[in-house]
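Here is a friendly walk through a protein model, strand by strand and ring by ring. Please have the sequence and the 3D view open as you read.

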Amino acid sequence: TLPVTLTDFVAKASSNGAVLNWKTASEEKFNGFEVEHRTDNSDFKAIEGVFISGGKNTYSYTHNNPVNGNNYYRLKMVDQDGTFEYSDIEVVQYGLANADVKVQCYPNPVAEQLNI
């Protein structure tokens with residue numbers, strides 16, 4: 001086990017992107033967090049350039065480029081000796097995936113004109 005205890009990890013959609021917040025209860029000889037992202041059709045990959053050093057106990061990161069639809073996030077928690085563990089996965093639905101669209105056509109069957 002790592003010398004870090006993750007107590008909370010939440011991801012939510014906002015107007016600026018997907019906002020990730022997490023807290024730790026303790027960190028000892030801990031290197032930091034790598035934020036990983038995937039979509040429905042991809043594997044988890046580290047978000048380039050995002051490695052957040054340990055030592056604060058409260059963290060926040062905004063992913064400015066989520067895709068429309070499901071965005072999956074997890075934290076890779078890395079110890080100073082290179083060992084690591086993953087957090088639970090958080091899902092953020094972003095963009096048009098949250099909109100319900102219903103189409104009503106009439107009259108049915110159509111004779112000369114279709115109204116939508």
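## Strands and the hairpin

Two strands are taken to pair if DSSP finds at least two bridges between them. With that in mind, E3 and E4 form a hairpin, with five residues between them. Strand E3 covers residues 30-39 and strand E4 covers residues 45-53, and the two pair in the antiparallel sense over five bridges. To find your place in the hairpin, look for Glu-36, whose bridge partner in E4 is Ala-46.

## How far to trust the model

Please keep in mind that this is a predicted model. The mean pLDDT of the protein is 85, and 81% of its residues reach 70 or more. Confidence is highest in E6, at 94, and lowest in E4, at a mean of 86. As a general caution, predicted coordinates should not be read in detail where pLDDT is low.

## The three-stranded sheet

Beside the hairpin, there is a sheet to look at. Three strands make up an open sheet in the order E1-E2-E5, with antiparallel pairing. E1 and E5 stand at its edges with a single partner strand each, so one side of each has no neighbour in the sheet. On average, neighbouring strands of this sheet are turned by 15° against each other, direction ignored.

The antiparallel strands E2 and E5 are joined by six bridges. A handy landmark is Leu-20, which stands opposite Tyr-61 in E5.

## Aromatic pairs and a cluster

How many aromatic pairs does a search of the whole structure find? The search finds six. One of them is formed by Phe-9 and Trp-22, which meet edge-to-face, with 6.2 Å centre to centre and 80° between the planes. This pair links distant parts of the chain, as Phe-9 belongs to strand E1 (residues 4-14) and Trp-22 to strand E2 (residues 17-27), 13 residues apart. Phe-9 has a relative accessible area of 10%, so this residue is buried. Trp-22 counts as buried too, because its relative accessibility is 1%.

Phe-33 and Tyr-59 form an edge-to-face pair as well, at 4.9 Å centre to centre and 65° between the planes. Here again distant parts of the chain are linked: Phe-33 is in strand E3 and Tyr-59 in strand E5 (residues 58-63), 26 residues apart. Both Phe-33 and Tyr-59 are buried. These residues come together in one aromatic cluster, formed by Phe-9, Trp-22, Phe-30, Phe-33 and Tyr-59.

## Around Glu-36 and Arg-74

Let us return to Glu-36, which has its place in strand E3. Is Glu-36 buried or exposed? Its relative accessibility is 5%, and buried means under 20%, so Glu-36 counts as buried. The side chain of Glu-36 is joined to that of Arg-74 by a polar contact of 2.6 Å.

Which rings does Arg-74 lie over? One is Phe-44, where Arg-74 lies over the face at 4.1 Å from the ring centre. Another is Tyr-86, where Arg-74 lies over the face at 3.7 Å from the ring centre. Arg-74 is thus a good residue to select in the viewer, together with Glu-36, Phe-44 and Tyr-86.

## Loops with positive phi

Most residues other than glycine have a negative phi. Two loop residues are therefore worth a look against that background. Lys-29, in the loop between E2 and E3, has a positive phi near 55°. With a relative accessible area of 61%, Lys-29 is exposed.

Asn-57 sits in the loop between E4 and E5, and its phi is also positive, near 75°. Asn-57 is partly exposed, because its relative accessible area is 31%.

## Asp-81 in its loop

Our last stop is Asp-81, found in the loop between strand E6 (69-79) and strand E7 (84-86). Asp-81 counts as exposed because its relative accessibility is 59%. Its side chain makes a polar contact of 2.7 Å with the side chain of Thr-83. Asp-81 and Asn-31 lie 50 residues apart in sequence, and in space they are 8.4 Å apart, C-alpha to C-alpha.

Definitions and conventions: Residues are numbered from 1 along each chain as its sequence is written. Side-chain values use heavy atoms; hydrogens and water are left out. Helices (H or I, at least four residues) and strands (E, at least two) are DSSP runs, numbered from the N terminus. Buried means under 20% relative accessible area, exposed over 50%, partly exposed in between (1.4 Å probe, protein chains only). A polar contact is a pair of N or O atoms within 3.5 Å; within protein, one must be able to donate a hydrogen and the other to accept it, and residues adjacent in sequence count only if both atoms are side-chain atoms. pLDDT is the predictor's confidence in each residue, from 0 to 100. Rings of Phe, Tyr and Trp (its six-membered ring) pair if their centres lie within 6.5 Å; planes under 30 degrees apart count as stacked, over 60 as edge-to-face and the rest as tilted. A charge sits over a ring if NZ of Lys or CZ of Arg is within 6 Å of the ring centre and within 35 degrees of the ring normal. Axes are lines fitted to C-alpha atoms, for helices over the stretch in contact, and angles run from 0 to 180 degrees between N-to-C directions.
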